[in-house]
Every structure is written in C-alpha cells, then in structure tokens.
Amino acid sequence: MAKPITPVMVGVDVSKAELVIARSDSKDLERIANTAQAIGGWLKTLAGRTKIALEATGTYHRTLATLAHQAGVELYLLDGYRLNRYRDGVGNRAKTDPADARLILRYLSKELSDLKPWVPPHDAFYRIQSLLRRRASLVHTRIALTQSLDDMPDLKSASKRLSNNIKDIERLIERRLKEAMAEVGWQSDAQRCKAIEGIGDLTSVALANTFHRGEFKSSDAFIAYLGMDVRVRDSGKQVGRRKLTKKGDPELRRLLYNAAMSARRTKAWAGQYETYLSQGLKTTQALVKLARKLARIAFALMKNQSTYRPKVPVTCCAVP
C-alpha cells in the first residue's frame, strides 16, 4: 500500500520589498524579493503538493497570490485580525517578519481544516474597488481642506476653486465606475440594488462589485465578508458588548451606513428605524442594523436575479 504524501506547508510574511518564507520541511527561513520574477522562480522549486498561507496586506500580497494560483498551488489568505489574536493566544511576543512567517505556518498547519482555498476575483473587482477608495479619499481631502480654510476669507476664492477641481475629479471617477461596471456586465445588478430605498449610485456599485468578488453561499456569508456581522462575547451570566467584526472593506461599510441614514428618512424604512429605536438600540446601532438589512436585501436581489418590490411602510412598534 502506497504511503500518502504529506503536503509541504508554507507560511509567507509579505512586505513591499521581500517575502520571508517558513516551510514545514525545513527549519531554515528563505527570503526572496517581492517581484514577479523572483516569485515565479521560487514557485518552480516547490514540490507537487504544497499549501501556502499568507496574510492579506493591502496590495503587496497580490503578485504572490496570483502567480501561486496560476501555478496550481493551493493558497490561503489569512485575516489579519484573526492572525493577531492567534499570536496572542499562543503566547508569541515577537512581531518580526521571521516570527510572523513561522506563525502563519503554524496557523496553516493547525487550522487547515477550517480554511478555504483562495479563489482570485475578476480583474475588474480590484479596479472598481480602487476607484471607489480613491474617490472616498478625494471627498475626505476636499472636506478637510474646506473646513481648515473656512475661517480665512482671503483664501476663500482659492479654496473654492480647489474644491471645484476636486469635485471634477470625483465626477470623472464616477463616470469611470459606470463604464467599468458596464464593461463586465455588472450594471444590471447595481441597478437592482439602487432600486432599494436609500441606496444610491456609489453604494449600488460597491455592493454589486463585492457580490461578484466570489461565491457567497448565503446572505450571512455576504454580511460576514462585509465585516457587518456581530462579534459576541458572553460568559456565564455576563453578556458582553456586541461589536462589528469590521473585516471587510471599510469604504463599503461607510457607504451602507450613509445609505441607512438616507433610508430612515423614507416612508418605506422610517417605521422600521423607529422600531429599532423602540427596542432600546442607540442611533448608531439602529442605523447599522438597518444598513445590514439593506445589504441582505441587495444580496437576495442579485443572488436570485429578481426585481425589487418597493417596501410597504411599517408602523412603529407594530407586532410582526
């Protein structure tokens, strides 16, 4: 009877300049440049059954992730928050590149059964996500400049011109977003989302883009990916404070929160919002809950490829 081949586990710490690599079949660490050429050469040296884990770090991990997937290597992207908690849990005090590479290797080896292999998104996903984030940065910059120069009358004219120039770029980005959505055929899903009271152009684009990031089995999985699921910490009779996991894209959460603020002023959702408040929720909590409901409806519309039916207004405190 043939002896089963044990896969080689690999933990990679990613930085802008280099990759630090820890392997289950070696006590020594490897270091290679974080370039396509160096990574491609290293991947060719790997054995047939190899599993690689790395932490998602902005954009620096993408070259390795893409090339490893193209090479047929099983890849796992780890959540930074969970990895930090894991570090605390195993008692690691050091936070260095070599220590992190070994920690990632340990996490992969111990938690493999609970991990899912990474599947690359459509090329348009990152492009649309980048446009949304850059527009958000421009908005924040414009508001900050306006506020900082508001009490300087001699700069009012120059400040207004600068603000208008930034707005022009924002509108250009918005056009690019519509073009990108149309190119990949996701515009129809964005329109489904936009039909929901409170959801506007940008939020609908962000929701549709995220929906096409991968296969979500349920609305719960979609909400968890957005980072809008609740972390529960109860012990015995003590009920801990509920907090959002905030694992996903912060810009989409911001857009959904703003959508909830708009929705609460509509006839369709005003009663629902007041019901949340009557249940003892604070304003922010009620808005987050409403935002989560809007996201669930948007997911259902895109999943089922159905048309939104305007919501019948709910009377405050009505018994369901």
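Colleague: Which residues does threonine 210 touch, not counting residues up to four places away in sequence?

Modeller: This is a predicted model, and a contact list is a good way into it. Threonine 210 touches Phe125, Phe216, Phe222, Tyr225, Leu226 and Leu252. The residue itself lies in helix 8.

Colleague: Is threonine 210 buried or exposed?

Modeller: The general idea is to compare the relative accessible area with a cut-off, and buried means under 20%. Threonine 210 has 8% relative accessibility, so it counts as buried. Tyrosine 257 offers a contrast: its value is 25%, and therefore it counts as partly exposed.

Colleague: Where does tyrosine 257 sit, and which residues does it touch?

Modeller: Tyrosine 257 belongs to helix 10, residues 250–263. Leaving out residues up to four places away in sequence, it touches Thr284, Leu287, Val288 and Ala291. Distance in sequence and distance in space should be read separately. Tyrosine 257 and leucine 290 are 33 residues apart along the chain, while their C-alpha atoms are separated by 8.3 Å.

Colleague: How should one read a nonpolar core, and which residues of the largest one touch the most other members?

Modeller: In soluble globular proteins, nonpolar side chains tend to be buried together. Here the largest nonpolar core has 46 residues, and those touching the most other members are Ile128, Leu177, Ile196, Leu207, Leu226, Leu256 and Trp269. Several helices supply at least two residues each to this core, among them helix 5 (123–149), helix 6 (156–184) and helix 11 (267–278). Helix 12 provides the largest share, 11 residues. There is also a second, separate core of 19 residues, which includes Ile21, Ile39, Leu75 and Trp118.

Colleague: What is leucine 226 in contact with, leaving aside its neighbours within four places in sequence?

Modeller: The contacts of leucine 226 are Thr210, Gly248, Asp249, Leu252, Arg253, Leu256 and Ala295. Threonine 210 thus appears again, as its own list contains Leu226.

Colleague: How does one read the burial of a helix, taking helix 2 as the case?

Modeller: One lists the buried residues and then asks where they point. In helix 2 (residues 62–70), the buried residues are Leu64, Ala65 and Ala68. They cover an arc of only 100 degrees around the axis, which means they lie on the same side of helix 2. These buried residues pack against strand 1 (8–14), strand 2 (18–23), helix 1 (36–43), strand 4 (50–55) and strand 5 (74–78). Just after helix 2, glycine 72 takes a positive phi of about 80 degrees.

Colleague: In what sense does strand 2 pair with strand 1 and with strand 3?

Modeller: To read strand pairing, one looks at direction, bridges and the connecting residues. Strand 1 and strand 2 run antiparallel and are joined by 5 bridges. One of the pairings is between glycine 11 and its bridge partner in strand 2, alanine 22. These two strands form a hairpin with 3 residues between them. Strand 2 also pairs with strand 3 (residues 30–33) in the antiparallel sense, over 4 bridges. There isoleucine 21 stands opposite glutamate 30, and the hairpin has 6 residues between its strands.

Colleague: Why is strand 2 described as largely enclosed by the rest of the structure?

Modeller: Because 5 of the 6 residues of strand 2 are buried. Arginine 23 lies in this strand; its relative accessible area is 14%, so arginine 23 is buried. Its side chain makes a polar contact of 3.0 Å with that of aspartate 25. Beyond its neighbours within four places in sequence, arginine 23 is in contact with Val8, Met9, Val10, Glu30, Trp42, Leu46 and Leu105.

Colleague: How many aromatic pairs are there, and how is the geometry of a pair read?

Modeller: The count comes to 6 aromatic pairs. For geometry, one considers the distance between ring centres and the angle between planes; an angle over 60 degrees counts as edge-to-face. The rings of tyrosine 86 and tyrosine 107 have centres 4.7 Å apart and planes at 75 degrees, so this pair is edge-to-face. Tyrosine 86 lies in helix 3 (residues 80–89) and tyrosine 107 in helix 4 (residues 97–111), so the pair ties together parts that are 21 residues apart in sequence. Both tyrosine 86 and tyrosine 107 are buried.

Colleague: Which residues form one aromatic cluster?

Modeller: Phe211, Phe216, Phe222, Tyr225 and Phe299 form one. The contacts of threonine 210 include Phe216, Phe222 and Tyr225, which returns the discussion to its opening residue.

Conventions. Residues numbered from 1 in each chain as written. Predicted model: local features only at pLDDT ≥ 70, side-chain atom pairs only at ≥ 80, totals over all residues. Heavy atoms only, no water. Buried < 20%, exposed > 50% of the residue type's maximum accessible area, 1.4 Å probe, protein only. Contact = heavy atoms within 4.5 Å. Arc of directions from axis to C-beta. Core = buried A, V, L, I, M, F, W, Y, C linked by side-chain atoms within 4.5 Å. Pairing = 2+ DSSP bridges. Polar contact = N/O pair within 3.5 Å; in protein donor to acceptor, adjacent residues only side chain to side chain. Phe/Tyr/Trp six-rings, centres within 6.5 Å; stacked < 30°, edge-to-face > 60°.
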